Amino acid sequence: MTEIVLMSDARIAAIPVADCGERLLDVRVRESIAVDPRKEDGSGAFAHLREGVLARLLTAQELLPDGVRLLFVEGYRPPALQRSYFEQYSDALRADHPGWSAEQVREAASRYVSPPEIAPHSAGAAVDLTLMSADGQELDMGTRVNASPEESDGACYTNAPGIPPRARDNRRLLGDALTAAGLVNYPTEWWHWSYGDRYWALATGAEHALYGARERD
């Protein structure tokens, strides 16, 4: 896709889901992937991904140059938590823009938080991640992970103009490895990548999504 298609787009919701039934696996058992604790929850849900997504992350890690590692931030998000995030951000946008229609709020919110009914995180299909050096330092990506469009003045968009050259190179390094491993990026968030969800299906031309929203076992 060359245009930016938001998660709120009707084309996303129209894609059918034929869930393949893969398990949610804990990425923390794989020593090759570093896991950041910033999104840690009591149940450990954040550190889970569908089996096929995790396999592709491991492939992406192998494609990175020596001295650079993936830093996993968040994977699976229970549907109730996703709904809470979406409603909180929508409420903030509504307060800042009282003249906006419900559709305008929904579209603007979907730049940063997926509508709960189609959210890739709730399918275990999406991962938020960045890069780090061998000594554990996060590489410069131009913004922090999970910077909102308002906070970053749009610099959170993957191809935003005005990103410093080093950050641009690091985004490209991350993107090249993940793309080669079969994941797709949500272009309003440089850190958000997915495989097997509805957004991935639209981006790749697949007939259906492989993963749908689910509760943990």
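Start by selecting helix α3, which contributes more residues than any other element to the lining of the second largest pocket: four of them. Bear in mind as you look around that this is a predicted model.

Now show that pocket itself, with a volume of about 250 Å³. Its lining has 18 residues, and those closest to the centre are Arg-77, Tyr-85, Tyr-112, Val-113 and Asn-146. By class, the lining of this second largest pocket splits into six nonpolar, seven polar and five charged residues.

Next, select helix α4, residues 102-109, where Val-105, Ala-108 and Ala-109 are buried. Look down the axis of α4: the buried residues fall within an arc of 100°, so they line one face of the helix. Part of what covers them is α3 (79-96).

Move on to strand β5, residues 126-133. Eight of its eight residues are buried, so β5 is largely enclosed by the rest of the structure. On one side you will find Ala-126, Asp-128, Thr-130 and Met-132, and on the other Val-127, Leu-129, Leu-131 and Ser-133. Add β4 (68-74), which runs antiparallel to β5 and is joined to it by six bridges; here Arg-69 is the bridge partner of Met-132. Then add β7 (192-194), also antiparallel to β5, with three bridges. Val-127 faces Trp-193 across this pairing.

Trp-193 leads to the last stop, since you can keep it selected: along with Thr-158, Asn-159, Asn-185 and Pro-187, Trp-193 lies nearest the centre of the largest pocket. This pocket has a volume of about 500 Å³. Finish by colouring α6, which gives the most to its lining, with seven residues.

Key: Residues numbered from 1 in each chain as written. Predicted model: local features only at pLDDT ≥ 70, side-chain atom pairs only at ≥ 80, totals over all residues. Heavy atoms only, no water. Buried < 20%, exposed > 50% of the residue type's maximum accessible area, 1.4 Å probe, protein only. Helix = DSSP H or I, 4+ residues; strand = E, 2+ residues; numbered from the N terminus. Arc of directions from axis to C-beta. Contact = heavy atoms within 4.5 Å. Pairing = 2+ DSSP bridges. 1 Å grid on protein atoms, 1.4 Å probe; cavity = no way out; pocket = protein on both sides within 12 Å on 5 of 7 lines; lining within 4 Å. Points joined across faces, edges and corners; volume = space filled by probe spheres on them. Nonpolar A, V, L, I, M, F, W, Y, C, P; charged D, E, K, R; others polar.
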